[in-house]
Amino acid sequence: MRSAGRARRLLTRTRPPVTRRAAQALCLSLAGAASALNAQESWQVTGADFDAPTTRYDHAVLGDDVEYGQLRIHVQQDGEAKQSAAGVRRDVFEVDLPMDHVFEDLAPRLWDITGDGLPEVVVVETDVARGAQLAVYNSTGDKIAATPHIGQTNRWLAPVGAADLDGDGHIEVAYIDRPHLAKTLRIWRFHYGKLVDVAAAPGLTNHLIGEDVITSGLRDCGQGPEIVTVDADWSRIIVSRLDPDGSISRRDLGPFDMQTRLGPALDCQLP
């Protein structure tokens, strides 16, 4: 798997553009010390956002042609941001993508993928020639796992959620593969440091071309986590479960209303 986030940098809080080049030089000089320090420190993700808007990928699946070239991961340790020996506040790690990748996404998600109770950063990362993948970054900006790219330009995926979906003690991640074309729910398990393909079910979707919202989510109404989406023609609300045997079972909760969307279903008002 090729890591598109190879240009990871450790920076201070947001600086004016005129000081960014100096900050980059400082970061390079601290790289060796930072690597040693990271081995001793455990950073916790407290937030994440995208920066470096770009129009280098002309897909506009989310309603405009602006994507992002940078992921900013906000971290802390022992409840507060720490300082390096040089006095630089170590509270933001930045991941800069190469020119053939973009973050084709609404916002980074803070989901526990490894099962340690702490969040990782989950994003849709797109190769301009090979389409989207679901990528997982740790607190210091390393890409620790990812699904394969779909395999063709202008092909996207829409994340749903992450949880231990089948009670096996491992975290599963769900997304809709090509919600406008393939309309397939796919579930991957984080196992031994990799995302492993577990199950798939066709005929489900969670996004309309041009919308800036993903219509899906996870719920637990007392019987374990369930995946809430709509059917392929946007007429019915569908709940799916990952069963212990690795299959996906699903049931119909009733008609889909574009006004209320999935609110009642996610709130367990629809059994």
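The exercises below work through the cores, salt bridges and strand pairings of this structure.

The structure is a predicted model, in which local features need pLDDT of at least 70 and side-chain atom pairs count only at pLDDT 80 or more, while totals for chains, interfaces and linings use all residues. Residues are numbered from 1 along each chain as its sequence is written, and side-chain values use heavy atoms, with hydrogens and water left out.

**Exercise 1**

Find which residues have the most contacts inside the largest nonpolar core, and which strand gives the largest share of this core.

Solution. Begin with the term: a nonpolar core is a set of buried Ala, Val, Leu, Ile, Met, Phe, Trp, Tyr and Cys residues joined through side-chain atoms within 4.5 Å, where buried means under 20% relative accessible area, exposed over 50%, and partly exposed in between (1.4 Å probe, protein chains only). The largest such core has 19 residues, and Ile113, Trp156 and Leu195 are those with the most contacts inside it. Next, turn to the strands, which, like helices (H or I, at least four residues), are DSSP runs (E, at least two residues for a strand) numbered from the N terminus. At least two residues of this core come from each of S9 (120-127), S10 (131-137), S12 (157-163), S13 (172-177) and S14 (184-191). The largest share, 3 residues, is supplied by S10. A second, separate core has 15 residues, including Val95 and Ala146.

**Exercise 2**

Determine how S10 is placed between its partners S9 and S11, and whether its residues are buried or exposed.

Solution. Take the burial first: 7 of the 7 residues of S10 are buried, so this strand is largely enclosed by the rest of the structure. Then consider pairing, which requires that DSSP finds at least two bridges between two strands. S9 and S10 pair in the antiparallel sense over 7 bridges, with Asp127 having Gly131 in S10 as its bridge partner, and a hairpin of 3 residues joins the two strands. On the other pairing, S10 and S11 run antiparallel and are joined by 3 bridges, with Val136 opposite Ala145 in S11. The hairpin of S10 and S11 has 5 residues between the strands, and there Gly141 takes a positive phi near 85°.

**Exercise 3**

For the salt bridges Glu94 with Arg72, Glu125 with Lys143, and Arg236 with Asp252, state where the residues lie and how accessible they are.

Solution. A salt bridge is a side-chain nitrogen of Lys or Arg within 4 Å of a carboxyl oxygen of Asp or Glu, and a search of the whole structure finds 15 of them.

1. In the bridge between Glu94 and Arg72, the closest N and O atoms are 2.5 Å apart. Glu94 belongs to strand S6 (residues 92-96) and Arg72 to strand S3 (residues 67-76), so the pair ties together parts that are 22 residues apart in sequence. Glu94 is buried at a relative accessible area of 1%, and Arg72 is buried at 5%.

2. Glu125 and Lys143 meet at 3.1 Å, N to O. Because Glu125 lies in S9 and Lys143 in S11 (residues 143-146), this bridge ties together parts that are 18 residues apart in sequence. Glu125 is buried at 0% relative accessibility, and Lys143 is buried at 11%.

3. Arg236 and Asp252 meet at 2.9 Å, N to O. This pair links distant parts of the chain, with Arg236 in S19 (residues 236-242) and Asp252 in S20 (residues 248-255), 16 residues apart. Arg236 is partly exposed at 32% relative accessibility, and Asp252 is partly exposed at 40%.
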